[in-house]
Amino acid sequence: MATATYTRSATMPCLICEQKNSLEAVVCNTCGAPMALIQEAVAQDRDPCIVTVVGDSNVGKTVYLGMLLDMLSNRADDFEAVPKGAYSVNLQHSVVSHLSMRQFPPKTAMEVDDWHWAYYQVRRRKRTTDTYDLVMPDMAGEAIAAEVANPKTFKVIRSLLEKSAGAILLVDGALAAAGSPQPDFFALKLMSYLDGVIATRGEKKLTTPVAVVLSKGDYCPEVFDDPRSFAQSNLNRLWNICESRFANYEFFATSVVGALAYGSDEYDNVVPYPLHIAPRGVIEPFEWVLTKLQGDCKRR
Amino acid sequence: MALKLFSRRRSNDQAAADRHGQYEGLGLPPTFESFQPASLPTLDHDALKRAFQQGRYCAILRDQHQWKDSPQFAFVVSEVHRELEQRMALVPAGTVSIAQTLSAQPGDSEEDIAVEAFLLDIHCVTNARFQHFVDAGGYDMLEHWPEEIWPHLIELEDLTGQPGPRFWRQGRHDVRLAEHPVVGISWYEAQAYSLWIGQHLPKEAEWQMAASWHLHSSTNLVRRFPWGDAMNKKRCNIWGSRIGGTVPASAFPNGAAPNHVLQLVGNVWEWTDTEYSITDGNNRPIVGEMPMHVVRGGAFDTYFEFQATSQFRTGQLALARTHNTGFRCAMNLADANWINGG
């Protein structure tokens with residue numbers, strides 16, 4: 001989709017699926033993505049890059065992305081991140097508000113129009129004049145799982161991944177360390193799906209950068225010692241497909257919670273409580289993806 | 001030789017004060033390729049002198065009957081008193097209010113605890129000091145470890161499988177971090193060290209008293225931070241200070257409490273002697289997967305500033321050996337009989 005081709009028209013294409021919508025549309029009538037994204041892209045006069053944060057349900061995507069955006073807004077590691085549109089702040093606002101009250105944010109809804117979308121301009125303040133326009137949606141893990149299991153169930157996810165300039169794949173490091181094969185299998189399915197979505201010629205490897213991030217490192221600090229070795233030992237299926245089909249990938253570890261405790265609600269359901277917040281390894285995967293993004297994402 | 005109770009000693013680190021507490025941290029533990037092991041210190045053959053060199057000052061005072069026949073005894077004891085005068089500070093008596101609920105909202109349940117005056121280490125325990133414990137075979141001295149932890153002692157090893165803090169190698173700390181707080185140690189390791197040197201971990205109420213300075217006075221003044229009531233990221237090392245790792249335990253002299261105790265807020269969380277007990281707003285208990293102990297003060301990676309105050313309380317699994325948790329030691333005033341000329 002090229003904003004340059006958009007001229008005065010009675011319709012406006014969705015930034016994600018490129019289907020036409022009326023000028024008054026708030027969300028795309030095809031995929032449900034907010035029309036504010038294309039409006040912002042038109043205002044910026046360039047197409048943004050899409051960086052998707054994907055992963056299984058309950059792996060920590062919302063907390064990770066919310067913290068990442070808040071840390072960038074706080075100029076972590078010399079980054080300068082400017083939200084384009086008030087809606088872009090909703091995710092980090094929700095995550096920070098909940099964590100500050102020692103609660104986790106609610107589960108991301110399956111409905112696309114309930115997702116948080118963030119449109120940010122990001123640059124390094126001192127090291128380079130390059131500025132990146134990024135769109136980073138917070139998608140429901142169950143929706144991702146449904147799309148991977150039955151392609152085209154959630155067209156917006158397919159469109160997002162087709163258009164992704166980079167991806168951050170969160171994998172539950174704590175579950176993997178405990179010996180569960182579930183994280184490995186889900187990651188394998190997701191990478192295989194990505195392999196099918198992003199078309200390549202012949203046996204050529206995909207060049208889309210993928211940061212594989214082992215989440216919940218507070219549960220298993222050993223993941224920080226050597227994420228690559230950890231992945232090779234505990235997520236071998238994922239490791240193998242990365243090696244076979246992807247040209248640009250790297251392994252990282254992250255945690256946001258410093259300590260976790262458990263209570264119960266009125267129905268005796270177990271409720272986890274983040275006792276204090278100590279972000280670790282949040283910026284590094286994003287920084288790596290940024291360095292791998294192609295030239296189209298940068299404005300000089 | 002009384003401890004100077006309320007003296008505000010000038011910092012020896014004038015250069016640091018001139019930089020308004022700005023320090024370059026070395027960040028997280030060095031990689032294997034860059035690790036520089038600390039050398040083995042040369043210790044005296046005489047057991048009493050060796051104990052002094054190892055920093056076991058309170059143990060020397062506690063076990064005086066064991067040393068009194070030594071010809072060096074009087075001299076060493078006077079040196080011990082001098083060292084403790086410099087390394088410890090008096091925290092006066094007062095009362096603290098400990099939140100009992102997770103949210104700690106106004107009106108929530110609190111426990112008021114009266115705290116007697118006590119002595120507290122001015123600095124957190126450093127890698128260099130902890131090295132003495134490791135070199136002396138501290139991890140094999142079962143008398144300093146509760147029996148329930150004995151089967152787990154073998155798990156308390158460094159990156160190369162030697163007994164020691166988690167991020168050490170071959171039983172040695174990185175020499176560049178010698179004066180940084182020791183981290184990667186569980187509550188049990190902190191407690192064992194404190195017992196070895198003849199001291200103890202501060203109780204949570206004692207720690208809060210030292211940080212909040214809530215004296216028995218008519219003003220009812222409670223400090224949110226050791227230096228006052230407003231966060232100042234140039235007075236401590238938290239996430240917003242943009243250092244990204246630990247700094248020497250003597251850094252940020254401008255963030256000291258009135259009695260010159262340093263870094264009660266920031267740099268590393270500090271183990272206390274108190275088990276972590278907390279409830280939700282409906283009085284339902286909140287517990288960890290294993291026993292937890294209270295940690296206080298925040299660390300270099302504490303993101304929310306309100307989680308690095310004198311009142312904020314949180315917990316950590318007792319066996320957790322995190323990169324951002326250290327400790328300091330305390331001493332009962334009754335054991336400091338030399339203060340009153342005893």
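Me: How many residues of chain A are in contact with chain B?
Reply: This is a predicted model, in which local features need pLDDT of at least 70, side-chain atom pairs count only at pLDDT 80 or more, and totals for chains, interfaces and linings use all residues. Residues are numbered from 1 along each chain as its sequence is written, with chains lettered from A and ligands numbered from 1 in the order in which they are written. Contact means C-beta atoms, placed from the backbone, within 7 Å. On the chain B side there are 20 residues, and they meet chain A at 16 residues.

Me: Which element gives the largest share of the side of chain B that touches chain A?
Reply: Strands here are DSSP runs (E, at least two residues), and helices are runs of H or I with at least four, numbered from the N terminus. Two elements of chain B give two or more residues: β7 (285-286) and β9 (313-317). The largest share is 3 residues, from β9(B).

Me: Which helix gives the most to the largest nonpolar core?
Reply: A nonpolar core joins buried Ala, Val, Leu, Ile, Met, Phe, Trp, Tyr and Cys residues through C-beta atoms within 7 Å. Buried means 20 or more other C-beta atoms within 10 Å of the residue's own; exposed means 12 or fewer, partly exposed in between. The core has 179 residues, with A:V171 among those with the most contacts inside it. With 8 residues, the top contributor is chain A helix α2 (residues 61-73).

Me: Which residue stands opposite A:A259?
Reply: Strands pair if DSSP finds at least two bridges between them. β10(A) and β11(A) run antiparallel, joined by 8 bridges. In β11(A), the residue facing A:A259 is A:H276.

Notes. Contact = placed C-beta atoms within 7 Å.
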